[in-house]
Amino acid sequence: MNWLLLIIAGLFEMLFALCLGKANHTEGMTSKVWFGSFLLCLFLSMSLLVKVTKTLPIGTSYAVWTGIGAAGTVLLGIFVFKEPATFWRLFFITTLIGSIIGLKLVSH
């Protein structure tokens with residue numbers, strides 16, 4: 001169950017990065033709504049991370065959390081913000097995802 005919560009926390013980390021990016025690309029009330037969404041996702045992500053670190057190792061939890069957020073944010077950047085999808089970017093995101101899976105496999 002805690003691994004599922006950790007994955008959800010990582011997804012909220014990815015979402016708070018998306019909201020921050022959208023807040024920076026908009027103005028007025030729309031920007032404020034995106035910033036409010038950023039704060040909500042940040043709160044949920046951190047709360048879940050705190051909860052799972054009570055039973056999972058902090059080093060593994062933090063690495064998986066940031067890895068999901070980093071990989072997801074790069075993919076969102078490619079699909080939402082039209083950032084380049086070069087071979088090397090995709091290669092290193094793939095190795096990052098492989099590392100996250102590896103940490104799950106070797107953790108108790």
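**Exercise 1. Describe the overall fold of the protein chain.**

*Solution.* Start by counting: the protein chain has four helices and zero strands. Here helices (H or I, at least four residues) and strands (E, at least two) are DSSP runs, numbered from the N terminus. Next, read the order, which from the N terminus on is α-α-α-α. Then look at the extent: the C-alpha trace spans about 45 × 35 × 15 Å along its principal axes.

Before going on, note that this is a predicted model, in which local features need pLDDT of at least 70 and side-chain atom pairs count only at pLDDT 80 or more, while totals for chains, interfaces and linings use all residues. Residues are numbered from 1 along each chain as its sequence is written, and side-chain values use heavy atoms, with hydrogens and water left out.

**Exercise 2. Find what share of the protein chain is buried, and what its surface is made of.**

*Solution.* First, the term: buried means under 20% relative accessible area, exposed over 50%, and partly exposed in between (1.4 Å probe, protein chains only). Of the 108 residues in the protein chain, 32% count as buried. Now the outside: the chain exposes about 6,700 Å², and 75% of this comes from carbon and sulfur atoms. These areas come from the Shrake-Rupley method with a 1.4 Å probe; for residues, only the protein chains shown count as cover.

**Exercise 3. Explore the largest nonpolar core, then zoom in on Trp-65.**

*Solution.* A nonpolar core is a set of buried Ala, Val, Leu, Ile, Met, Phe, Trp, Tyr and Cys residues joined through side-chain atoms within 4.5 Å. The largest one holds 16 residues, of which Leu-6, Val-52, Val-64 and Trp-65 touch the most other members. The elements that give two or more residues to this core are α1 (2-24), α2 (28-52) and α3. Among the contributors, α1 gives the most, with six residues.

Now for Trp-65. Contact means heavy atoms within 4.5 Å. Not counting residues up to four places away in sequence, Trp-65 touches Leu-6, Ala-9, Gly-10, Glu-13, Phe-16, Ser-45, Met-46 and Leu-49. As background, nonpolar side chains in soluble globular proteins tend to be buried together.

**Exercise 4. Decide whether Cys-19 and Cys-41 are bonded or free of a disulfide.**

*Solution.* A disulfide is a pair of cysteine sulfur atoms within 2.5 Å. A search of the whole structure finds zero disulfides. Cys-19 is in none, and the nearest cysteine sulfur, that of Cys-41, is 4.5 Å away. Cys-41 is likewise in no disulfide. As for their surroundings, Cys-19 counts as buried at 6% relative accessibility, and Cys-41 is buried too, with a relative accessible area of 8%.

**Exercise 5. Place Thr-60 and list its contacts.**

*Solution.* Locate the residue first: Thr-60 is in helix α3. Then check its cover: Thr-60 is buried, with a relative accessible area of 14%. Finally, leave aside neighbours within four places in sequence, and Thr-60 is in contact with Trp-3, Leu-103 and Ser-107.

**Exercise 6. Describe the backbone and the setting of Lys-82.**

*Solution.* Begin with the backbone: Lys-82 has a positive phi of about 60° although it is not a glycine. Now place it: Lys-82 lies in the loop between α3 (58-79) and α4 (87-106). To finish, Lys-82 is exposed, with a relative accessible area of 67%.
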